[in-house]
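Open the model in your viewer and keep the sequence panel in sight. We will go from one selection to the next, with a short note on what you find at each stop.

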Amino acid sequence: MLKMVENVFKNLVSKPATRMYPFEKREPFKDSRGQIEGCEIDKCIFCGICQRKCPANAIVVNKAEKSWEINQFKCVICNACVEACPKKCIVASAAHKTAVSTKENLKVVQAEKPVQAEDASKVTA
Ligand code: SF4
Ligand code: SF4
């Protein structure tokens, strides 16, 4: 009983243990893995190493069409592609992706020339 009263008073005067999310957001920790944002397509040589190294089959590289694609829904954020890329052109971010309503919104396609609309929900050059 005495311990409980002590805890009640301690909690009344101490700072809250939680944050007022989403008004107060915590910055990601240094070197934390949030998501793979995409690829700097002008640096990419379409060697396909990232696709072969990916344990989740999340990356598709098309050398003929000069396109690079990631399905972020499949990605397990292991960073193997980032480490293996000889041109260091895969962009990893510490920020976590926000929630989406469909899996298609988690596909990022980048190409030197335009890709078919049905191939991608989000296309960046
Ligand atoms: S490993 Fe790098 S250079 Fe090679 S296809 Fe992947 S992103 Fe492009
Ligand atoms: S971080 Fe890992 S799982 Fe995600 S695309 Fe790269 S190799 Fe694949």
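A word on classes before the first stop: here Ala, Val, Leu, Ile, Met, Phe, Trp, Tyr, Cys and Pro count as nonpolar, Asp, Glu, Lys and Arg as charged, and the others, Gly among them, as polar. Please also keep in mind that this is a predicted model.

**Stop 1: ligand 2.** Select ligand 2 and the residues around it. Which residues are closest to ligand 2? They are C54, C75, C78, A80 and C81, out of 15 that surround it. By class, the shell of ligand 2 holds 13 nonpolar residues, one polar and one charged.

**Stop 2: ligand 1.** Now move to ligand 1. Its surroundings also number 15 residues, with C44, C47, I49, C50 and C85 coming nearest. The shell around ligand 1 is made up of 13 nonpolar residues, one polar residue and one charged residue.

**Stop 3: the whole chain.** Zoom out and colour by secondary structure. You should find three helices and six strands in the protein chain, and following the sequence gives the order α-β-α-β-β-α-β-β-β. Of the 125 residues, 17% are buried. Among contacts between residues at least 6 apart in sequence, 64% join residues at least 24 apart.

**Stop 4: helix α1.** Select residues 2–13, which form α1. How many of its 12 residues are buried? The count is zero, so this helix is hardly covered, a buried residue being one with 20 or more other C-beta atoms within 10 Å of its own. Try a distance between the end C-alpha atoms: they are 17 Å apart, which agrees with the 16 Å that 12 residues should span at 1.5 Å a residue.

**Stop 5: the largest nonpolar core.** In soluble globular proteins, nonpolar side chains tend to be buried together. Select C50, C54, A58, I59, I70, C81 and I90, the members that touch the most others in this core of 16 residues. At least two core residues come from each of β1 (35–39), β2 (59–62), β3 (67–71) and β5 (107–111). The biggest contribution is that of β5, with three residues.

Pick I59 from that set. Setting aside residues up to four places away in sequence, I59 touches C50, Q51, C54, E69, I70 and C81.

**Stop 6: I36.** Go to strand β1, where I36 has its place. Buried or exposed, which is I36? I36 is buried, because 24 other C-beta atoms lie within 10 Å and the cut-off for buried is 20 or more. Beyond its neighbours within four places in sequence, I36 is in contact with I70, Q72, C75, I77, I90 and A92. Draw a line from I36 to C75: these two are 39 residues apart in sequence, with C-alpha atoms 8.1 Å apart.

**Stop 7: backbone oddities.** Most residues other than glycine have a negative phi, and most peptide bonds are trans. Three places to click go the other way.

- I77, in the loop between β3 and α3 (80–84), has a positive phi of about 55 degrees without being a glycine. I77 is partly exposed, with 17 other C-beta atoms within 10 Å.
- N57, in the loop between α2 (49–53) and β2, has a positive phi near 50 degrees. N57 is exposed, with 10 other C-beta atoms within 10 Å.
- P22, in the loop between α1 and β1, is joined to Y21 by a cis peptide bond, with omega near 5 degrees.

Technical notes
Residues numbered from 1 in each chain as written. Chains lettered and ligands numbered in written order. Predicted model: local features only at pLDDT ≥ 70, side-chain atom pairs only at ≥ 80, totals over all residues. Near = placed C-beta within 6 Å. Core = buried A, V, L, I, M, F, W, Y, C linked by C-beta atoms within 7 Å. Helix = DSSP H or I, 4+ residues; strand = E, 2+ residues; numbered from the N terminus. Contact = placed C-beta atoms within 7 Å. Expected span 1.5 Å × (residues − 1).
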